[in-house]
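Work through the following exercises with the sequence and the coordinates at hand. Each task is followed by a solution that proceeds step by step.

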Amino acid sequence: MATSFVFDRIDALRSVCGINDSNIPYLEKLLGCSIYVRGDRVECNTEESGDPQRTSKLFIDLLDRLSRLSGITSDISEPEILMEYKSVQDALDRAADGSPEKPAKREFISVLSKAVYPKSSNQEAYIRAMNRSQITFGIGPAGTGKTYLAVAYCLGELLSGRKQKLILTRPVVEAGESLGFLPGDLSQKLNPYLKPLYDSMEAMIAPATIRRLEDSGAIEIAPLAYMRGRSIHNACIILDEAQNTTQAQMKMFLTRIGENSCAIITGDVTQIDLPKTSASGLVQASEILRDIEGIEFVSFTARDTVRSRVVQRIISAYEKN
């Protein structure tokens, strides 16, 4: 049986099908059908194992997701397709059981007039955790969106006025904690190490806005060693590359968090650069803090990777080794 789905806009067709129809093989694998792109429509041959209802609903939901991206991106990625596919399957299973369909609440982050939506179920859980917990740990490999979403959440809190300051910090393992020999002021010394955070910010707001927030003190950067002795109130704090904190540093950081402040800690426990004589504070925290109220842990895997397919395959290969 052939199912045809017509797109109102060619750009929407390109976004769903991917660059050079790169998403088509993945859609065929999920849906169990052959898909052909013809003009402004896709034709799905579902005679063998496909389900026409599931196929149609998936394309409708992908278009709905595309309309909700609000200019953040024009691409639908494989993790987004998988997330919508699971949602469609859950809805069809409920209908088959006679259960009323419950429209799932879509988690997202508002940054000024933009909306940042998750691209996997773990990213959605991550946003939910940041919204309800004072301390959130995002642990997983590179490219899973843990830093990007942390920056988006904190910018949303800062620009909405719910928080007065955004503090960016990380352990500077490569240069030691003194940083004295690096040129420039403290901000210039740390800039190379915090570039991933700035890349994420610049993807959402203009560089001029970032500079204005820095000049006013609303955005502050600090090496982790400089956090000792502080009590931070009414702020969002991002601790990046937390796998390179020592156990003492992690305890010190977590006890800096004051009233109306939140902390988001990100790291990849497979990329620890500490000397072999030092144990990772992130690993210890994930072992002893999981049952503490107000703290949540979200673990990411290669399936959450939102970079290229080859990066996803590389991470999977390392996880198996």
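**Exercise 1.** Determine how many bridges join strand 1 to strand 3, and in which direction the two strands run; then place both strands in their sheet.

*Solution.* In this predicted model, five bridges join strand 1 to strand 3, the latter spanning residues 41-45, and the two strands run antiparallel. One residue pair shows the register, since Thr3 has Cys44 of strand 3 as its bridge partner. Going from the pair to the sheet, one finds three strands in the order 1-3-2, which form an open sheet with antiparallel pairing. Strand 1 (2-6) and strand 2 (34-38) each have a single partner strand and stand at the edges, so one side of each remains without a neighbour in the sheet. On average, and with direction ignored, neighbouring strands of this sheet are turned by 20 degrees against each other.

**Exercise 2.** Give the strand order of the six-stranded sheet and its kind of pairing, and describe how helix 6 packs on that sheet.

*Solution.* The six strands form an open sheet in the order 8-7-9-10-6-11, with parallel pairing. Its edge strands are strand 8 and strand 11, each of which pairs on one side only. Neighbouring strands are turned against each other by 15 degrees on average, again with direction ignored. Within the sheet, strand 9 and strand 10 (residues 262-267) run parallel and are joined by four bridges; Cys236 has Cys262 in strand 10 as its bridge partner. Helix 6 packs on the sheet and touches strand 6, strand 7, strand 8, strand 9 and strand 10, while its direction makes about 165 degrees with that of strand 10.

**Exercise 3.** Which residues of helix 8 are buried, and why do they count as lying on the same side of the helix?

*Solution.* The buried residues of helix 8, which covers residues 195-202, are Leu197, Tyr198, Ser200 and Met201. They lie on the same side of helix 8 because the arc they cover around the axis is only 155 degrees. As a general background to this spacing, an α-helix has 3.6 residues a turn, so residues three or four places apart point the same way. The next step is to ask what covers these buried residues, and the elements involved include helix 6 (146-159), strand 7 (165-170), helix 9 (207-215), strand 8 (219-223) and strand 9 (235-239). A residue of helix 6 gives a detailed example: Thr147 is found in that helix, and it touches Leu197, Ser200, Asp240 and Thr266 when residues up to four places away in sequence are not counted. Thr147 itself counts as buried because its relative accessibility is 17%, and buried means under 20%.

**Exercise 4.** Classify the ring pair of Phe5 and Phe59 and the ring pair of Phe137 and Phe297, and locate their partners in the chain.

*Solution.* A search of the whole structure finds six aromatic pairs. For Phe5 and Phe59, the ring centres are 5.6 Å apart and the planes stand at 25 degrees, so the pair is stacked, given that planes under 30 degrees apart count as stacked. This pair links distant parts of the chain, with Phe5 in strand 1 and Phe59 in helix 3 (residues 52-68), 54 residues apart. Both Phe5 and Phe59 are buried.

Phe137 and Phe297 also form a stacked aromatic pair, with 4.3 Å centre to centre and 10 degrees between the planes. Here Phe137 belongs to strand 6 (residues 135-139) and Phe297 to strand 11 (residues 295-299), 160 residues apart. Phe137 counts as buried because its relative accessibility is 0%, and Phe297 is buried with a relative accessible area of 16%. The surroundings of both pairs can then be added: Phe5, Phe7 and Phe59 form one aromatic cluster, whereas the ring of Phe297 has the charged end of Arg290 sitting over it, 4.5 Å from its centre.

**Exercise 5.** Is Gln89 buried or partly exposed, and how far is it from Lys57 in sequence and in space?

*Solution.* Gln89 lies in helix 4 (residues 78-96). With a relative accessible area of 24%, Gln89 is partly exposed. Gln89 and Lys57 are 32 residues apart in sequence, and their C-alpha atoms are 9.5 Å apart in space.

**Exercise 6.** Summarise the protein chain by its secondary structure, its burial and the sequence range of its contacts.

*Solution.* The secondary structure of the protein chain comes to 12 helices and 11 strands. Of its 321 residues, 49% count as buried. Among contacts between residues at least 6 apart in sequence, 71% join residues at least 24 apart.

Methods:
Residues are numbered from 1 along each chain as its sequence is written. This is a predicted model: local features need pLDDT of at least 70, side-chain atom pairs count only at pLDDT 80 or more; totals for chains, interfaces and linings use all residues. Side-chain values use heavy atoms; hydrogens and water are left out. Two strands pair if DSSP finds at least two bridges between them. Axes are lines fitted to C-alpha atoms, for helices over the stretch in contact, and angles run from 0 to 180 degrees between N-to-C directions. Buried means under 20% relative accessible area, exposed over 50%, partly exposed in between (1.4 Å probe, protein chains only). The arc is that of the directions from the helix axis to the C-beta atoms. Contact means heavy atoms within 4.5 Å. Rings of Phe, Tyr and Trp (its six-membered ring) pair if their centres lie within 6.5 Å; planes under 30 degrees apart count as stacked, over 60 as edge-to-face and the rest as tilted. A charge sits over a ring if NZ of Lys or CZ of Arg is within 6 Å of the ring centre and within 35 degrees of the ring normal.
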